[in-house]
Amino acid sequence: MNLHCCKAVELMLGCMVSAALSQAEKQTGLGCTAVAVSGQASSDGSAFAGMNADSSSCDGRVAYIPSADHPPGSMRPLYIFKGTAPRFIGYGRGAFYEPKEGEKLSPKLGEVPQVRRTFAYWEAALPLMNEKGLALGESSCASRLMNYPIGRAPPGGDPRTGAPATEGALDLTNMMQIALERCADARCGVEVMGNLAEEYGFFPMVGDWSLGREADTGKVAFDDGGEAITLSDRFGAAWVFHVVGGVTGVAKSVWAAMRLPPGHVAFVANNFVLREVPQQPGENWLFSPKLREAALVSGFWDGHEPFDFSRVFAPDSVFFEAPEGAAPIPLYASLRLWRLFGLAAPKAYAKKPLPLDPLELPLSVAAEKKLDARDVFAFLSDTYEGTEFDMSQGILAGPFGSPFPREGGNNSRLGQIPRGISIARTLYSVVGQSRLYKQPVVWLAADSPVASVYVPFYPAAGEKHATAYSTGTMGNFTRESAWWAFDFVANWASNTNWRHATTNFIFPLREKLQRMLLEDIASIEARAEKEGSLTLLGEWQMHAQQAVVDRWWRLADELVVAYNDGFFNDASHDKFGVGLGYPEWWAQQIGFNQDVHPIYVKRDLLADESYAADAKLQPPGFVAAVNPLPTSFSFTQKSWQPHVLIATAWISLGGINFVLAIVATFVLGILTGRATKHMTSKDLAIGSAYVVMP
């Protein structure tokens with residue numbers, strides 16, 4: 001299917017648009033993990049696309065956009081969809097968005113020619129899936145090229161080049177919406193988004209991006225200035241699409257997309273993954289005709305080397321400071337990808353070393369078993385359990401194993417927390433299951449999926465659903481909201497006793513409800529098919545969704561009682577005030593003794609050795625570290641440096657030899673200088689001795 005021609009855009013900018021942009025730019029955007037699964041990788045031929053929408057401020061309420069017929073010559077308006085609630089106010093997109101008392105309509109940014117008929121679909125912070133089974137996921141990525149909204153280019157020009165900045169009329173949300181409105185298959189979705197980006201210029205979600213600097217080149221780049229979108233359709237296809245800004249005189253935006261090989265799974269973790277682009281588009285690759293020219297003119301490519309999209313258009317994450325002066329965080333992407341590949345292909349990847357550079361990992365992997373919806377749920381619900389990076393382990397998880405460490409603060413030069421997959425600020429998790437012989441269904445888990453239940457939404461069954469999923473914003477707590485139910489439970493458990501609460505309450509109930517939904521869905525779909533009734537699916541999903549929410553609110557009440565005042569209160573057996581105290585392994589680790597002074601701790605460099613010598617000291621689920629990682633970034637040399645574990649080195653080398661090793665390695669660091677900038681995880685593995693560099 002081809003894009004219905006879009007020949008002109010009328011941009012109506014005024015102070016209303018400027019005010020809306022200024023307000024939106026102050027908000028925190030999305031930072032997400034996206035997934036794509038080809039149909040041949042699944043047990044029933046379903047292809048999957050989805051994401052964890054990770055945001056501490058966005059509006060995740062679910063809305064149904066009805067199908068519509070449009071008269072010839074009509075125009076499709078473009079708006080700025082801000083992240084916070086309400087993300088849009090206006091008409092023509094269903095009752096959910098129509099203005100309430102005191103609300104003003106969202107100003108129109110521009111318009112594109114409309115098609116005669118648009119499909120129905122579900123959306124939340126971003127569009128999810130349409131009635132034809134086209135599903136989408138998203139992950140924002142750093143880029144060297146970025147457009148600004150029309151009329152909003154900085155007066156001083158492009159921060160990277162100083163030349164006049166490029167502008168666009170089409171934001172992420174509009175681009176994804178139009179793909180779902182017009183397309184029944186993933187290839188069409190790619191073509192529509194790509195052609196629109198070429199003609200009108202793409203710009204990222206306002207408030208989502210920020211400036212950074214490439215430490216290895218000194219050039220400015222745009223954190224979250226580009227976008228990656230995953231797509232799946234009922235015919236088994238799954239694609240990964242990338243788009244960035246434009247180059248004056250060449251293209252308003254450039255893009256590329258690849259269809260996953262049969263049986264493969266791909267993930268995007270806020271870092272581009274598309275690699276060598278072929279010379280010509282074909283069945284498995286589509287891309288902008290100006291792709292190479294834009295890179296050549298911009299100085300990103302010499303015109304001779306193989307055209308690696310991620311290396312060309314994205315800053316090297318190993319040396320990208322965002323913001324400038326903060327340590328680069330390549331593990332923000334590589335840790336997630338390493339784990340997800342290990343889950344999808346454990347024989348091939350579970351034992352692979354964790355690389356510092358995420359581009360040392362492949363674009364996709366062949367799934368080692370046939371996957372179903374629950375496997376994809378598990379991908380997005382993971383907290384690295386069973387690995388050395390288990391989020392419930394260590395001092396940041398506390399004595400009770402909370403997998404949600406605190407983000408933010410002013411410690412970016414000092415260190416970083418592990419970037420999880422299912423995290424505290426996950427707004428919702430969504431898995432679109434594109435099925436050929438059954439009705440497509442999109443599964444949505446409110447809040448962090450590790451402590452949530454995926455419930456079904458049928459795009460073809462109309463707008464009937466539990467209104468709890470369309471209720472509740474971050475600024476207004478209400479028991480009428482599904483999101484607040486799951487958010488409350490996850491927060492209560494993580495701030496009281498995560499390990500005990502999940503083991504005894506949350507995980508058993510999550511498993512029970514998820515199993516019941518998957519069992520019931522088979523029978524209700526068979527009945528709906530026999531009766532030829534999509535209405536039946538709509539009625540069932542509404543009641544099933546509400547039943548899950550109601551039960552989760554009862555769980556919230558149960559947890560309030562169970563962990564009141566730091567004790568365990570077993571109301572079902574009339575046992576109250578059971579003292580759980582601190583675990584013995586924790587007490588041993590922090591040096592707990594009869595001295596009642598406050599206890600202060602530092603990183604234990606010999607923890608693995610201690611736990612190996614005495615298993616009684618080990619925390620539950622402990623896994624020894626096997627992946628050596630750097631512990632410091634040299635801001636003077638702009639490079640990662642090996643780091644000495646001082647105690648281990650002193651013991652293994654002896655005092656004098658240890659001092660000589662420090663001096664020798666320091667001199668070596670000065671001599672090699674920036675030659676260390678492309679150090680990989682293999683280069684960092686030099687036994688247990690590392691040296692600190694300035």
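**Cysteines and the second largest pocket**

The sulfur of Cys32 lies 8.0 Å from the closest cysteine sulfur, in Cys58, too far for a bond. The model is predicted: local features need pLDDT of at least 70, side-chain atom pairs count only at pLDDT 80 or more, and totals for chains, interfaces and linings use all residues. Residues are numbered from 1 along each chain as its sequence is written, and side-chain values use heavy atoms, with hydrogens and water left out.

**Disulfide**
- The whole structure holds 1 disulfide (a pair of cysteine sulfur atoms within 2.5 Å).
- Cys183 and Cys188 form it, with sulfur atoms 2.0 Å apart.
- The torsion about their S-S bond is about -65°, so this disulfide is left-handed.

**Cysteine burial**
- Cys183 is buried (under 20% relative accessible area, 1.4 Å probe, protein chains only), at 0%.
- Cys188 is buried too, at 1% relative accessible area.
- Cys32 is buried at 0% relative accessibility.
- Cys141 is buried, with a relative accessible area of 0%.

**Second largest pocket**
- The second largest pocket (on a 1 Å grid over the protein atoms alone, an open set of points where a 1.4 Å probe fits, with protein on both sides within 12 Å along at least five of seven lines) has about 590 Å³ of space.
- Its lining (residues with an atom within 4 Å of a point) has 28 residues, and Thr383, Glu385, Val450, Phe507 and Arg510 are closest to the centre.
- Helix H8 (373-381) and helix H10 (498-531) are the elements that give two or more residues to this lining (helices are DSSP runs of H or I, at least four residues).
- H10 gives the most, with 8 residues.

Technical notes. Buried < 20%, exposed > 50% of the residue type's maximum accessible area, 1.4 Å probe, protein only. Points joined across faces, edges and corners; volume = space filled by probe spheres on them.
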